[in-house]
Amino acid sequence: IISVSLRQVIKKISADLENEGDGAVKKHHQVSFLIDHKLLDPFVSLVEFSVSPPGGFKDHHHRGFESVTYMLKVTKTLPSSPYIRLLNLDVKIYHAFNDMQGGIIYQDFDGHKITVHEGDVQWMAAGKGIIHSEMPEEQVNNGIQLWINLPSVDKMIDPKALELSSSEIPRAEEDVVEVKVIAGESMGVKSPFYTKVPIMFLDITLKQRAQTHQTVPESWTAFAYVIDGDDGVFRSSDSYTVQAHTVVVLGKGDGVSVLNTSSFKPLRFLLIAGEPISEPVVQHGPFVMNSQAEIDMTIEDYRSAKNGFEGAKSWRSE
């Protein structure tokens, strides 16, 4: 007999509204506590964004982490879309305004250019340095971006970006649940998508009045993010429901049990877990390093266009 220890909810983080960037409105709420990184190592931040022309994320720089960008939908109607930073608990929302259609156009100074469409996933390793832009093609584009720390041995690797189209993302299905396996494994279905740090990234849709169980490595940290639905229960010991745009931090255990108590609406949520790196983390905006000295060096490298930022002074996106 295999005993499963279900993870319990140890913290809930709700989203506030915030607008930022070109054509974006801004509200901001921040809560911080000392054990953020211990709770969510190796994760740095989670963002749900909604952006349309003329808004977007123009040429900017990064070092020291990798990201997973997952496009949820393209719509003519402006959704409420929280921007959530998990580890420092900045909770934001991006609103941008226009009425066209498309995806997010990604360009970087290594010549990589692609449009990430609805349902697609992009993995990007900033490594020793990358300069890129992420601009909406048309209409309102709603997506998720997850930042994952890199261990010190990998922080200065060459930058890289790759994509999986929606049709390439494996799916696992049972009677009451459908899972898009973006990273990791569910119901025997594995994703070909691998980050440097081992993670699980599942997009789960659970039918009305249904329950699902998911195995998670016991030593990993884990959390859920509710995309749609206000009636999910994420632990077995109580019946408190979790509303949409809420992060649910999960405690220790090797399994997660989720119940959709709604009789009318499916529950859609992301289940994300990762193997802790257990190293110091110092973040300065777009840079994620192990010490303040490394942050200072990174700023100097960027300003001097060296050690990975050689294209900083000359490259511009189209």
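A residue is called buried under 20% relative accessible area, exposed over 50%, and partly exposed in between, with a 1.4 Å probe and protein chains only. By this scale Glu318 counts as exposed, because its relative accessibility is 76%, and Lys113 counts as partly exposed at 47%.

The model is predicted, so local features need pLDDT of at least 70 and side-chain atom pairs count only at pLDDT 80 or more, whereas totals for chains, interfaces and linings use all residues. Residues are numbered from 1 along each chain as its sequence is written, and side-chain values use heavy atoms, with hydrogens and water left out.

A search of the whole structure finds 6 salt bridges, each being a side-chain nitrogen of Lys or Arg within 4 Å of a carboxyl oxygen of Asp or Glu. The table lists three, among them the pair of Lys113 and Glu318.

| Salt bridge | N to O distance |
|---|---|
| Lys113 and Glu318 | 2.7 Å |
| Lys128 and Asp158 | 3.0 Å |
| Asp228 and Lys265 | 3.1 Å |

Of these residues, Lys128 is partly exposed at 26%, while Asp158 counts as exposed at 54%; Asp228 and Lys265 are partly exposed, at 34% and 37% respectively.

Turning to the interior, the largest nonpolar core, a set of buried Ala, Val, Leu, Ile, Met, Phe, Trp, Tyr and Cys residues joined through side-chain atoms within 4.5 Å, has 31 residues, and Leu146 and Phe201 have the most contacts inside it. Beyond residues up to four places away in sequence, Phe201 touches residues including Val68, Leu146 and Ile272, where contact means heavy atoms within 4.5 Å.
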